[in-house]
Amino acid sequence: MQSRVVMLVDLDYFFAQCEELRNPSLKGKPVVVGVYSGRTEDSGAVSTANYVARKYGVKSGIPLFLAKKRLEGTEAVFLPVDYGFYQQISDEIMRALKGYADSFEQAGIDEAYLDVTLKVQGSFEAAKELAQKIKDAVKSQFGITFSVGVGPNKLVAKIACDSQKPDGLTVVKPEGVAVFLSPLPVDRLLGVGRKIAAKMETLGIRTVGDLAKYDVQRLVEVFGKTLGVYFHNAANGVDNTPVQETGEAESISRIATLKENTRDLTLILEKTDELTEDICKEVVQRKVGFRQVGIIAVMTDLSMHSRSQTLEKPISDMEIFRRTVQELFEKFLGESELEIRRIGVKISRFAEEETKQKQLTSFFQGN
Ligand code: DCP
Ligand code: CA
Ligand code: CA
C-alpha cells in the first residue's frame, strides 16, 4: 500500500514572533511574552519567548520573575499577551496553508496538519519541495517563519517537526521511521509525561526504540489496554488517525442502481449488502465508529427520499449496520408506493473515534 504524506506545520516562537512582526526593532533582543497575573508587578508566567531569550534559559511556563532574573543585564523586552492579535495572524496563515492540502486539520493556534498525499502523488521528494515552497510563501506573504515535519502519518510528522526548530524542514520517509524514532527518549511521544517516563524507566525502557521492542502484552498489563496499545503503536511509528477538519460534518456513503425497478425487499437488501460491506471496509481502514445510519431511495419518478436512524452508541459492527439498513428499508417501503430505482446507504456521526481521542487526551492531561 502506498504511504500517506502528512505535514505538520508549527509556527516558530509564535506569540513572540507576532510581536516582532508588529515591532521589528525587537528583533535580535530577547523577547518575552508573559501572562501577568496582576498580583504584583512581576507575578505571572512566561507564555513564550523568542530564541534569543531561550539561550538564557527562558521558556514557556517559567515564572516571570525568574525570566527577569535570567535576562538581567540584557536588552530584554517583556510584553503582555495580546491574544486577539495573534489569533488574527493565525487565521490568515491557516487559511493560506489550507489551500496547499488535500485535507487540513488545525491542531492549535499555531499548528496544523496537512495531508498532501494526492498533491505530491505520494512522493516524499515532491513533499519536501512543496514544504519549502509553502515556507517561502508564508515568509513573504506574512513575514512569519515556521518549522515543518513531513512523514507518513501525523505522529511522525509532529516529532519530525519538533526535531529541528526554528525554521526547520525535516522529512522522514516511511523506510526511515524506525531509525529516526528509536534513539529518541520516550517522553518525546505524546502522552508520555514525567510519571509515565519514570515508570517505563523501571521497566528498562528509556528510548522509543526500547519501547518499540517491549512486549505489548506487558505494556497492556502495566498501562491498561488503551494506553498500552497506543504506546506500542506510537513507538513503532504507527498512527492511522486521519487528517480531518475538526467538527467537519463527515459521512461515508455509497449509491447504486438496482438491476430492475422493484419493491422487493430481498432484491433491495442484496444490493444494500454490497454497499454496507464496502462502507465497512472503509470504516475498518479509518478506524472509526459511527452513530448514524441512513438510507437513500431514488424512485421511478426520480424523486429522492432519505431516512436515517441514530444508534444508542457508536458501532463499527457490520451486523448491526445491516440490520439497521434493513429496518429502515422495511419501514420506508411501508410508507411509499412507487418502485425504487436506485438505493444508497450512508453513515455519519463518527463519534467513537472522538471519544477514544478524548479518553487519551484526558488521560494525558492527568500526567
Ligand atoms: N503557549 C503558552 N503557554 C505554554 C505553551 C505555549 O501560552 N506553556 C502559547 C505561546 C506560544 C504558542 O502557545 O507562542 C505556541 O506554542 P508552542 O508550543 O508551539 O511554542 P512556540 O510557538 O512559542 O515555540 P516553538 O518555536 O518551540 O514552536
Ligand atoms: Ca510553535
Ligand atoms: Ca505549537
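I count a disulfide as a pair of cysteine sulfur atoms within 2.5 Å. With that in hand, I opened this predicted model and searched the whole structure, which gave 0 disulfides.

**Cysteines**

I wanted to see why Cys18 has no bond, so I looked up its closest cysteine sulfur. That sulfur belongs to Cys161 and sits 16 Å from the sulfur of Cys18, too far for a bond. I then checked from the other side: Cys161 is in no disulfide either, and its nearest cysteine sulfur is that of Cys18. Are these two buried or exposed? Cys18 has 0% relative accessibility and counts as buried. Cys161, also at 0%, is buried as well.

**Calcium site**

Next I turned to the calcium ion (ligand 3) and asked which residues donate to it. I found Asp10 and Asp110, each through OD, and Glu111 through OE, at 2.2 to 2.6 Å from the ion. Along the sequence I noted their spacing as D-x99-D-E. Asp10 lies in strand S1 (residues 6-11), while Asp110 lies in the loop between strand S5 (103-108) and strand S6 (111-115), so the pair ties together parts that are 100 residues apart in sequence.

I also looked at the calcium ion (ligand 2), and found it 3.6 Å from the calcium ion (ligand 3). Which residue coordinates both? My note says Asp10.

**Accessibility of the two aspartates**

Last, I looked up how covered these donors are. Buried means under 20% relative accessible area, so Asp10 at 5% qualifies. Asp110, at 14%, counts as buried too.

Technical notes. Residues are numbered from 1 along each chain as its sequence is written. Chains are lettered from A and ligands numbered from 1 in the order in which they are written. This is a predicted model: local features need pLDDT of at least 70, side-chain atom pairs count only at pLDDT 80 or more; totals for chains, interfaces and linings use all residues. Side-chain values use heavy atoms; hydrogens and water are left out. Donors are N, O and S atoms within 2.8 Å of the metal (3.2 Å for Na, K and Ca); water is not among the atoms, so sites may look incomplete. Helices (H or I, at least four residues) and strands (E, at least two) are DSSP runs, numbered from the N terminus. Buried means under 20% relative accessible area, exposed over 50%, partly exposed in between (1.4 Å probe, protein chains only).
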